[in-house]
Amino acid sequence: MTDELYMQRCLELAQLGMGSVSPNPMVGCVIVCGNKIIGEGYHEKYGQAHAEVNAVNQVLQTYGEQAETLLAAATAYVSLEPCAHFGKTPPCADLLIRHQLKKVVIGNRDPFPDVNGKGIERLKNAGIDVVSGVLEEECTAVNKRFFTRIGQQRPYIILKWATTANGYFAPKNAVQQWISGPLAKVLVHKWRTEEDAILVGSQTAVADNPQLSSREWPGKNPLRILIDRKLKVLQSNHIYNDNAKTVIFNEVKTEVAGNIHYIQMEDMQYYLPQKIAFQLYLMDIQSVIIEGGANILNQFIQGNIWDEARVFTSGTSWQEGISSPQVNGVITAQYQIDQDQLTIYQNQPNQ
């Protein structure tokens with residue numbers, strides 16, 4: 001088996017941590033000795049053991065007295081550079097050195113300033129053979145949220161909406177009317193379990209009274225974010241229930257009331273996407289899905305502050321309505337979701 005195959009396994013393991021490790025990256029580790037995988041692990045939950053720790057522990061538990069001899073002859077594959085600093089857990093580079101691993105193969109360097117290159121340097125200084133850059137693009141894609149937060153000081157931003165076949169986003173009368181079908185709804189709830197937060201504007205909150213939960217898919221509910229300048233959304237709205245922590249950006253007050261966190265902003269009519277993106281970065285929010293309305297989505301599109309757009313197109317047409325947002329990005333995938341077509345767009349750097 002090649003380095004690429006073992007690294008692909010690392011990526012499969014890493015993604016098992018989706019939705020549970022933010023703001024940390026998703027990382028997988030595979031330990032190989034004599035062309036046999038002797039231990040595997042991934043970062044399962046924020047604040048808990050990293051991938052390398054779980055993989056080494058599996059070797060120790062499985063092989064007992066033989067474990068140290070096997071580790072000293074083994075190669076560790078890890079999708080992201082082992083950490084070299086004390087955070088919630090001790091440095092993983094030190095763990096690999098302590099067990100005297102023969103070689104470490106790394107997907108990509110960790111851009112976090114406390115790590116960047118230091119883990120590799122520490123391993124090399126201990127006499128361990130280090131190879132890096134194996135499946136680098138694939139490893140970066142898995143951790144696109146982490147790399148965006150570290151590199152751009154904002155969360156990874158996903159825009160999501162549904163449009164009719166003839167380009168309408170919502171009815172003009174502000175009454176809720178579904179465009180996409182029930183299978184699309186289940187998929188959206190799955191997405192919500194994978195991201196840190198979900199954001200809507202006050203008009204969407206009033207018209208749809210959404211719960212913004214993941215009730216149709218097992219997993220956590222995201223942090224709910226409401227943009228409500230004048231606090232016009234009634235507290236009887238679903239967004240005020242206790243199903244999830246909720247942040248309300250407004251111009252009136254900063255206050256905490258149970259699970260509701262009001263955060264006051266000035267002049268929200270100016271540079272709103274930039275202000276929201278930076279505030280979420282300060283809150284360690286690594287990813288957010290923006291689900292409406294058209295005004296909020298268009299502001300992020302016009303400000304070019306988005307990374308991915310997920311657009312459902314229905315087979316039905318309306319005679320009138322509010323026009324859907326238009327996004328200028330690269331189509332990276334298209335899927336048929338029952339009666340709806342899902343198109344995934346990626347923003348182009350320096351667009």
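**Exercise 1. Locate Pro-23 in this predicted model, and describe the peptide bond that leads into Pro-23 from Ser-22.**

Solution. Begin with the secondary structure: Pro-23 lies in the loop that runs between helix 1 (3-14) and strand 1 (28-33). Next, look at the bond from Ser-22 to Pro-23, which is cis, with an omega near 5°. As a background for this step, most peptide bonds are trans. A second place to examine is the bond from Gly-292 to Gly-293, which is also cis, here with omega near 0°, and Gly-293 belongs to the loop between strand 13 and helix 11.

**Exercise 2. Determine whether Gln-286 is buried or exposed, and list what Gln-286 is in contact with, leaving aside neighbours within four places in sequence.**

Solution. First place the residue: Gln-286 sits in the loop between helix 10 and strand 13 (287-290). Its relative accessible area is 5%, and because buried means under 20%, Gln-286 counts as buried. Then turn to the surroundings, where, apart from neighbours within four places in sequence, Gln-286 is in contact with Ser-22, Pro-23, Asn-24, Arg-145, Phe-146, Arg-149, Pro-155, Tyr-156 and Asp-196. The list therefore includes both Ser-22 and Pro-23, the two residues joined by the cis bond of the first exercise. Finally, with Arg-149 there is a polar contact between side chains, at 2.9 Å.

**Exercise 3. Find the two residues, Gln-153 and Asp-284, that have a positive phi although they are not glycine, and state how accessible each of them is.**

Solution. The starting point is that most residues other than glycine have a negative phi. Gln-153 departs from this with a phi of about 55°, and its place is the loop between helix 7 (144-152) and strand 6 (156-163). At 43% relative accessibility, Gln-153 is classed as partly exposed. Asp-284 has a positive phi of about 65° and is found in the loop between helix 10 and strand 13. With a relative accessible area of 39%, Asp-284 is likewise partly exposed.

**Exercise 4. Work out which residues surround Ala-277, leaving aside neighbours within four places in sequence.**

Solution. Ala-277 is part of helix 10 (residues 272-282), and with a relative accessible area of 5% it is buried. Leaving aside neighbours within four places in sequence, the contacts of Ala-277 are Gln-153, Arg-154, Pro-155, Ile-157 and Ile-305. For Pro-155, a distance can be added: the C-alpha atoms of Ala-277 and Pro-155 are 6.5 Å apart, while 122 residues separate the two along the chain.

**Exercise 5. Describe the nonpolar cores, starting with the residues that touch the most other members of the largest one.**

Solution. In general, nonpolar side chains of soluble globular proteins tend to be buried together. Here the largest nonpolar core holds 33 residues, and those touching the most other members are Ile-157, Leu-159, Trp-161, Ile-225, Ile-227, Phe-249 and Ile-276. Helix 11 (residues 294-302) supplies the largest share of this core, namely five residues. To see one member in detail, take Ile-227, which, not counting residues up to four places away in sequence, touches Leu-199, Val-200, Gly-201, Ser-202, Phe-249, Met-268, Leu-272, Ile-276 and Ile-296. There is also a second, separate core of 29 residues, with Val-27, Cys-29, Tyr-63 and Leu-70 among them.

**Exercise 6. Characterise how domain 1 and domain 2 meet, giving the area they bury and the salt bridges between them.**

Solution. The first step is the division of the chain, which gives domain 1 (3-146) and domain 2 (153-347). Their centres, taken over C-alpha atoms, are separated by 35 Å. At the boundary, eight residues of domain 1 are in contact with 11 residues of domain 2, and the two domains bury about 820 Å² between them, 47% of which is on carbon and sulfur atoms. The polar side of the account holds two salt bridges between the domains, together with four residue pairs in polar contact. As an example of a salt bridge in this model, the side chains of Lys-144 and Glu-308 meet at 3.1 Å, N to O.

**Exercise 7. State where Arg-310 lies, and decide whether Arg-310 is buried or exposed.**

Solution. Arg-310 is in strand 14 (residues 308-313), and because its relative accessibility is 6%, Arg-310 counts as buried. Leaving aside neighbours within four places in sequence, its contacts include Arg-145, Trp-161, Trp-191, Glu-195 and Thr-343.

How values were computed:
Residues are numbered from 1 along each chain as its sequence is written. This is a predicted model: local features need pLDDT of at least 70, side-chain atom pairs count only at pLDDT 80 or more; totals for chains, interfaces and linings use all residues. Side-chain values use heavy atoms; hydrogens and water are left out. A nonpolar core is a set of buried Ala, Val, Leu, Ile, Met, Phe, Trp, Tyr and Cys residues joined through side-chain atoms within 4.5 Å. Buried means under 20% relative accessible area, exposed over 50%, partly exposed in between (1.4 Å probe, protein chains only). Helices (H or I, at least four residues) and strands (E, at least two) are DSSP runs, numbered from the N terminus. Contact means heavy atoms within 4.5 Å. Domain bounds come from an automatic or database domain assignment. Buried area is the accessible area (1.4 Å probe) that two parts lose on being put together, summed over both. A salt bridge is a side-chain nitrogen of Lys or Arg within 4 Å of a carboxyl oxygen of Asp or Glu. A polar contact is a pair of N or O atoms within 3.5 Å; within protein, one must be able to donate a hydrogen and the other to accept it, and residues adjacent in sequence count only if both atoms are side-chain atoms.
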